[in-house]
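Me: I'd like to go through this one and press you on the labels. Whenever you use a term, I'll ask what backs it up.

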Amino acid sequence: MLRWIAGLALAAVAPAATPYPVVRPGITLRFPQDHGAHPAFRTEWWYVTGWLRTARGDDLGFQVTFFRTRPQTDPRNPSRFAPTQVLFAHAALSDAKTGRLFHGERVARAGFGLAQAREGDADVAIRDWRMRRLPDGRWATQVNADGFALTLALSPTQPPLPQGQGGYSRKGPRPEEASYYYSIPHLRVSGRVTRAGTTEPVTGEAWLDREWSSDYLAPEAQGWDWTGLNFDDGSALMAFRIRRKGGGTLWAGGALRRADGTRSVFAPGDVSFRPLAIWRSPATGATYPVAQQLSVRLADGIHRWRLQPLFAAQELDTRGSGMPVYWEGAVRTQGGRGYLELTGYAKALAM
Amino acid sequence: MAAEPDLWSGRLALGWLIGGEWRFHPGRFVLTAVAIAVGVALGFAVHLINGSALASFDGAVRGVGGGAELSVRAASPLGFDEALYPRVARAAGVRDASPVVKLDARIGSARLTLLGLDVIRAAAVTPALVGIAPERGNDAMFAEDAVFLSRAALAQTGAKIGAHVAVTANGRSVPLRVAGTLPGAGDTAVLGVIDIAAAQWRFGRLGTLDRIDLAVSDRAAAESALRGLPGATLSAAEAQNAQGDVLSRAYRVNLDMLALVALLTGGFLVYSAQSLSVARRQRAFALLRTLGMPRGGVVAAVAVEGLAIGVVGAGAGLVTGYVMAWAALRWFGGDLGAGYFGGGVVRLAFQPGAALGFFALGLAAAALGSAIPARLAARAAPAAALKNAGDVLDPRARVAWWPAAVLLVVGGAVALLPPVGGLPLFGFAGMALLLAGGVAGVPWFARVLLTPLARRSGGAVPRRLAIRHLHGAPNDAATALCGIVASTALMIAMATMITSFRGAVDDWLGQVLGADLYLRTSAGAVFDPATQARLSATPGVARAAFSRQLPLTIVPDRPPITLIARPERGAHDPLLVLIAPAVPLPTGARPVWVSEPAQRLYGWNPGDSVTLPIGGGARFTVAGVWRDYGRQTGAVLVDAHDYQRLTGDTGRDELAAMLRPGADTGAVTAAIQARLPADLRDQVEITRPATLRRFALTLFDRSFAVTYLLEAIAILVGLAGVAATISAQTMAREREFGMLRHLGLTRRQLTAMLATEGALVGLTGALAGIALGLVLAQVLIHVINPQSFNFTMSTRIPFGTLAAVAAALSGAAAATAILAGRRATARGAVQSVREDW
C-alpha cells in the first residue's frame with residue numbers, strides 16, 4: 001500500500017533541483033550537536049544494532065532505528081500538517097532459540113508533539129517510540145511493538161568513531177554521493193525485553209550508527225552490504241560495499257579502530273565481500289548472502305572474517321510503512337559479534 | 001364422508017371445467033393476471049429501487065468514511081480546532097488517529113466530497129482512502145497539487161489521470177492534477193483526496209479539522225475517553241449509515257405502502273372477476289355436483305384458477321418490476337426524484353428475499369380473491385342453484401351494517417396509536433382497517449342510497465328497470481363496487497393529503513419569502529464583513545439581512561439539523577412565523593427558535609434549555625417554534641450576534657434584501673452584482689422570490705411524482721376492474737335482455753337502462769369512495785405525515801379532483817355497460833331467450 005513513501009523518501013531527484021545541502025568533505029563533527037537532527041538534509045538515521053543476553057543465557061539480536069526524511073514541500077505552506085519532516089522507526093528482535101524475527105514499525109509526519117526529531121542533541125520520537133541521549137551521556141530507547149517491547153539504556157565505553165575522512169563518508173564515484181557518518185561501537189546495554197507478555201532483564205553490547213546525507217546512493221547503485229562488528233578485545237570494525245546494478249561493486253569503504261584507539265580507514269579497493277551461504281526468503285522471494293566472508297587489506301596484509309548469521313530468516317519487510325525490504329541480522333565472527341545489513345536484494349534501492 | 005366420491009375421481013370434470021373457462025374467456029384470465037402483475041411489479045420495483053438507493057447511499061457513506069469504525073466528527077462544517085488531534089491521538093484505547101479535512105467541492109459542475117488526509121495516518125486507519133498512482137509518480141502523495149479521484153468522481157467529472165482540473169471548495173478554486181485513483185473507495189462514493197496540509201492551506205482551512213478517524217485497541221476505553229469533545233461528536237460507522245436510513249425511511253415505507261395499495265386493488269379485481277365467474281357457472285357447478293362431484297371440487301376448481309392467476313400474474317409482475325426498477329434508476333435516479341440521496345450513482349441490486357415476498361403477496365392476493373367466491377359457490381345447494389343462477393340475496397332482507405361500523409371504529413382507534421420506531425405503522429394498519437370497513441359497508445351503503453330511489457314510482461322505464469335491478473340484486477353490485485370503492489378511496493385520500501401539503505407549503509413559502517431579492521453563495525463561498533457592508537449600502541436596498549446556514553450534528557446517528565444565524569434580536573422579523581407562541585425569556589438567556597420538525601424530533605419545547613455544539617457547546621433557551629416545510633431533519637434559528645460571538649465566524653452565505661419602495665429590481669440586481677468581489681461573482685446566485693417559490697414547488701411536485709404515478713396506476717387497475725365486472729355482469733344477463741325485448745323494450749331503451757345502471761354503480765362507488773377517502777386522508781394528514789416527516793398541516797379538499805373522479809367513474813362504468821350491452825343485445829331476441837346453457 002505504501003510503496004510511495006519509499007519512493008518519496010528515496011526518490012531520485014535531479015541534483016540540480018535539490019534544495020538540500022550537499023555533503024562535502026572537510027567538516028569536523030561536533031557533539032552533542034551532531035547527535036541531534038540535521039533537518040535540512042534529505043535523509044538521516046539513528047541506527048542501533050546489538051546482541052542481548054537474557055538471565056537464562058539466551059542470545060537475542062535487536063535493532064532499533066529511527067529515520068528522518070525531508071520531503072520536497074512548498075515552504076510557504078503555513079499548515080501545521082505540512083510534511084516538512086517525516087519520521088520512520090523500525091524495531092526488530094531476533095530470537096535464536098525460536099529462529100523467529102519480531103519486528104514493528106512507526107511512521108509519522110513530524111508535528112503536534114506526536115513525532116519529532118530534536119536538534120542540538122539526540123531525541124527522536126514517534127508517539128511512544130523514542131530514542132534519546134540522556135544528560136549523563138547514556139543513550140536510551142523505548143519501543144512498544146506488536147508482540148515485543150524493548151526498554152534499553154546504552155552506555156558508551158568508547159568515544160564516537162568518525163567514519164571516512166573525519167566523518168565524510170563517500171558512497172559513490174561522485175564526491176556529493178556521500179554522507180556524514182559516525183559510529184559508537186561497544187555500547188554497554190542493560191534493560192528489559194518483553195516477549196509475549198513476559199518481561200525479563202537483559203544485558204549486552206550494541207553499535208550505534210549515525211548518518212545524514214542528501215544524496216546517498218548513485219543512480220547506478222543497486223543496494224549495499226554493511227557490517228559493524230564489536231570484537232571481544234575492544235576493537236571495532238565497520239565495512240560496506242555499494243553494489244552496482246547488474247553486479248559488481250560500485251564503491252566500498254570502512255574502518256577498523258583497535259582497542260588502543262588507532263584507526264585504519266579502508267579505501268574502496270581494500271574491502272571485499274564473498275557470499276558463503278544463500279538464503280531465499282519465502283515471503284518476498286528475495287535471495288540474500290546471509291553468510292559472507294569479509295576480506296580487508298590492512299597494513300599487515302589481508303585479514304578475513306567469516307560472518308555467520310544467528311539464523312537465516314532475519315528479513316524485514318517494512319513496505320507497510322513505506323520503507324524497503326531488507327535483511328538485517330545478528331552475525332557472529334571470529335572473536336566478535338555484530339550485525340550484517342543487506343539491502344537492494346528484493347528491488348533496487350534509490351536514495 | 002366415505003359415501004361421497006373423493007376429489008380425485010372428479011379431476012376429469014374439474015379439468016374440463018377450468019380448461020373450458022380458460023378457452024372461452026381468456027380475456028378475463030389475462031386481465032386478472034395483469035391486475036396482479038401490476039401490483040407485484042409496482043411493489044417489487046419500488047422496493048428494488050429503494051433497496052438499491054440505500055445500498056448505494058451506504059456505499060457512498062462507507063466510501064467517504066474509509067472504513068474507520070470510530071470517528072470524531074465536527075458538529076458543523078465550521079470544523080474543530082486541530083489542537084484536538086494530538087489529544088485524540090493520545091487518548092486511552094486509541095491505537096492510531098487519522099486527521100481529516102472534509103470539504104464539499106466541485107469540479108466543473110460535478111459535486112464531490114474532497115478529503116484532505118495525512119496519507120501516512122490514513123494508510124494505518126483508513127487504507128481505503130489512500131490513492132494509487134498509475135505509474136511511478138509516487139511522490140504525488142505529498143505533492144500539494146495532486147488529487148486522487150474515486151471511480152465515480154472520475155466518471156462524473158470526465159477527468160483523466162494526469163489531467164489538470166480546477167477544484168472549487170470553501171469559495172476558492174485551486175488548480176490540481178489528477179494524480180491517480182482511489183480503488184478502495186468503492187463504486188458509489190464521489191470522492192477526491194488531497195494532502196491534508198494542501199487542503200488546509202489552499203482551501204482556507206488552516207488550524208481546522210473536520211474529522212479524526214480512529215483505529216482503536218480498546219473501543220470502550222476510547223469511547224469514554226473521547227466523550228464531550230468541544231464542537232465534535234464521537235460517531236461510529238454504523239451511525240453514519242443509519243443517517244441515510246433515518247432520513248429516507250419514512251419516504252421509502254410510504255412508497256412501499258402505495259405499491260401495496262396497487263396490489264390490494266388487484267386482489268379486489270380478482271375477487272370481483274372470480275365472483276362473477278362463479279355466479280355464471282353456478283348451474284354448471286350444481287350439475288356436476290348432482291352428478292357426483294364432491295363439494296370440495298367446486299372450491300378446488302376456483303382455487304386452482306385463482307392460484308394459476310396468481311402464479312402467472314406474480315411471475316410476470318416480478319419480471320416487469322425488475323425492468324421498471326432498472327429503467328427508473330436509469331432515468332430518474334435512486335430516490336425517484338425526491339432528493340434524499342444526493343447525486344450518487346445507484347446500481348440495481350437484485351433482492352431474492354424481496355422477490356419471493358412479493359411473489360407470495362401476489363399469490364396471496366389472487367388466492368384470497370378467489371377463496372371467498374369459491375366458498376360461496378360451494379355453499380349453494382345444488383338443486384336450488386340448478387334452477388336459479390341469480391342473486392342469492394333476498395332484497396327484502398336487511399343488510400347488516402355493524403361489521404363495517406366495527407371495522408371503521410377499530411381502524412380509527414388504531415390509527416391514533418403512536419409511531420413504532422419512527423414509522424407510522426399503526427397509521428397504516430388503521431388505514432387498512434378503515435378501508436376494509438369501508439368496503440364491507442358498501443352493500444349497506446348501496447341499499448341505503450337506492451331504497452328511496454326504488455320506492456319512487458314513475459319516470460322512464462329504463463331508469464326504473466335499472467334501479468330495480470340494482471336494488472334487487474345488491475350482491476352483484478357490491479362485487480363490482482368493492483374495487484371501485486377501494487381504489488377511489490385511496491386515490492382521494494392521497495389527493496387530499498397532497499393538496500393539503502402543497503397548499504400549506506405554498507402558503508408558507510409566501511410567508512417566508514417576504515424579501516424582494518435573495519443572494520446565495522455556492523461551494524462554500526461566503527460574504528465577508530467588507531462585502532456585507534458594501535452590499536448593504538447598495539442604492540435601492542432598504543434592509544439587507546445576511547444569514548449563515550450550516551448543517552449541525554446533534555446526535556451522531558441522525559442526519560444533521562440546519563443551523564440558521566440571522567439578525568433576530570431586537571428587530572421583529574416579519575419572516576419568522578411562530579406556530580407556538582413565544583415565551584418570555586429569562587434575562588440573559590440566549591434565544592433559539594426551533595422549527596416544527598426539530599421540535600418533534602428532539603422534543604425542544606418553548607422555554608426548554610438546549611445545548612448546541614457551536615462555540616464548544618453553548619446553552620440556548622427555546623424562544624418559539626416556527627413552521628418549516630423545507631428541512632425535514634429540523635432547523636434552528638439563532639441570532640447572528642450570538643452566533644458570531646460563539647464561533648467567531650463572520651462569513652455569511654445568504655442575503656435577503658428588502659428594496660426601497662419604487663426601486664427597480666433589475667437595476668438593484670445589477671448594482672449588487674457590480675458590488676460583488678470579482679472572485680465571488682460566479683459563485684453567487686441572485687434570485688427573486690417568485691423564482692424561489694416556483695423552484696420549491698417544482699421540487700415538491702418532483703418528490704411526489706412517483707406518488708402521483710403509483711396512484712394513477714392504482715386508479716387504472718380499479719377502473720379496469722369496474723369495466724371487467726360490469727361487462728361480465730352484462731354479458732351474463734343476455735337472456736334477461738331477450739326477455740325484456742319480448743316484453744316490448746327497444747334496444748335503445750335497453751341501452752339506456754344499462755347506461756343508467758352503470759352510471760349508478762359508478763356514482764355509488766364514487767360517493768362511497770370519496771367519503772371513505774376523506775376519512776383516510778385525515779389519517780394521512782394527521783397521523784402518517786407528522787409521524788413520517790414531522791410536518792403538520794390543515795386539510796384542504798381538492799373539490800375539482802373529487803368531482804372529476806365521480807364523473808370519470810360513473811362515466812366509465814356507464815360507457816362499459818353500454819359497450820357490453822351492445823354485444824349482449826346484438827343477437828335476436830328470440831335466439832337470446834332460446835339460448836340454453
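What follows is a back-and-forth on how the labels for this predicted model are earned.

Me: Start with the helix pair. Why are helix 14 and helix 26 of chain B called roughly antiparallel?

Reply: The axes of helix 14 (residues 425-440) and helix 26 (residues 747-789) of chain B come within 10 Å and cross at roughly 175 degrees. Angles over 145 count as roughly antiparallel, so helix 14 of chain B is roughly antiparallel to helix 26 of chain B.

Me: Which residues of helix 14 of chain B make that contact?

Reply: From helix 14 of chain B, B:Gly427, B:Gly430, B:Met431, B:Leu434, B:Leu435 and B:Gly438 take part. Helix 26 of chain B answers with a set including B:Ala768, B:Leu772, B:Val775 and B:Ile784.

Me: What classes of residue does the contact of helix 14 with helix 26 of chain B have?

Reply: Ten nonpolar, four polar and no charged residues. Gly goes with the polar class here, and B:Gly427, B:Gly430 and B:Gly438 are among the contacting residues.

Me: On to chain A. What makes the phi of A:His186 worth a remark?

Reply: Phi is near 50 degrees, a positive value in a residue other than glycine. A:His186 is found in strand 12 (residues 178-195) of chain A.

Me: And is A:His186 buried or exposed, and how do you know?

Reply: A:His186 has 22 other C-beta atoms within 10 Å. The cut-off is 20 or more, so A:His186 is buried.

Me: A:Arg127 has a positive phi too. Where does A:Arg127 lie, and what label does its C-beta count give?

Reply: Phi of A:Arg127 is near 45 degrees, and the residue lies in the loop between strand 6 (123-126) and strand 7 (129-133) of chain A. With 17 other C-beta atoms within 10 Å, set against cut-offs of 20 or more for buried and 12 or fewer for exposed, A:Arg127 is therefore partly exposed.

Me: What kind of peptide bond joins A:Phe31 and A:Pro32?

Reply: A cis one, with omega at about 10 degrees. A:Pro32 lies in the loop between helix 1 (3-10) and strand 1 (43-54) of chain A.

Me: Now the cores. Which residues touch the most other members of the largest nonpolar core?

Reply: A:Leu87, B:Val147, B:Leu191 and B:Val636, out of 194 residues. Strand 12 of chain A gives the most to this core, with eight residues. The core also draws at least three residues from each of domain 1 (76-230) and domain 3 (517-687) of chain B.

Me: What does B:Val147 touch?

Reply: Leaving out residues up to four places away in sequence, the partners of B:Val147 include B:Val167, B:Leu176, B:Val178 and B:Ile194. Apart from the largest core lies another, of 137 residues, with B:Val34, B:Phe358, B:Leu450 and B:Ile784 among them.

Me: How is chain B divided into domains, and what separates the centres of domain 1 and domain 2?

Reply: Chain B is divided into domain 1 (76-230), domain 2 (404-410 + 435-513 + 690-830) and domain 3 (517-687). Over C-alpha atoms, 58 Å separate the centres of domain 1 and domain 2 of chain B.

Me: Last one: how much of chain B is buried?

Reply: Buried residues make up 50% of the 837 residues in chain B. In helix 9 (residues 282-290) of chain B, the buried ones include B:Phe285 and B:Leu288. Just after helix 9 of chain B, B:Gly292 takes a positive phi of about 120 degrees.

Terms used
Residues are numbered from 1 along each chain as its sequence is written. Chains are lettered from A and ligands numbered from 1 in the order in which they are written. This is a predicted model: local features need pLDDT of at least 70, side-chain atom pairs count only at pLDDT 80 or more; totals for chains, interfaces and linings use all residues. Helices (H or I, at least four residues) and strands (E, at least two) are DSSP runs, numbered from the N terminus. Axes are lines fitted to C-alpha atoms, for helices over the stretch in contact, and angles run from 0 to 180 degrees between N-to-C directions. Angles under 35 degrees count as roughly parallel, over 145 as roughly antiparallel, 65 to 115 as roughly perpendicular and the rest as oblique. Two residues are in contact if their C-beta atoms, placed from the backbone, lie within 7 Å. A nonpolar core is a set of buried Ala, Val, Leu, Ile, Met, Phe, Trp, Tyr and Cys residues joined through C-beta atoms within 7 Å. Domain bounds come from an automatic or database domain assignment.
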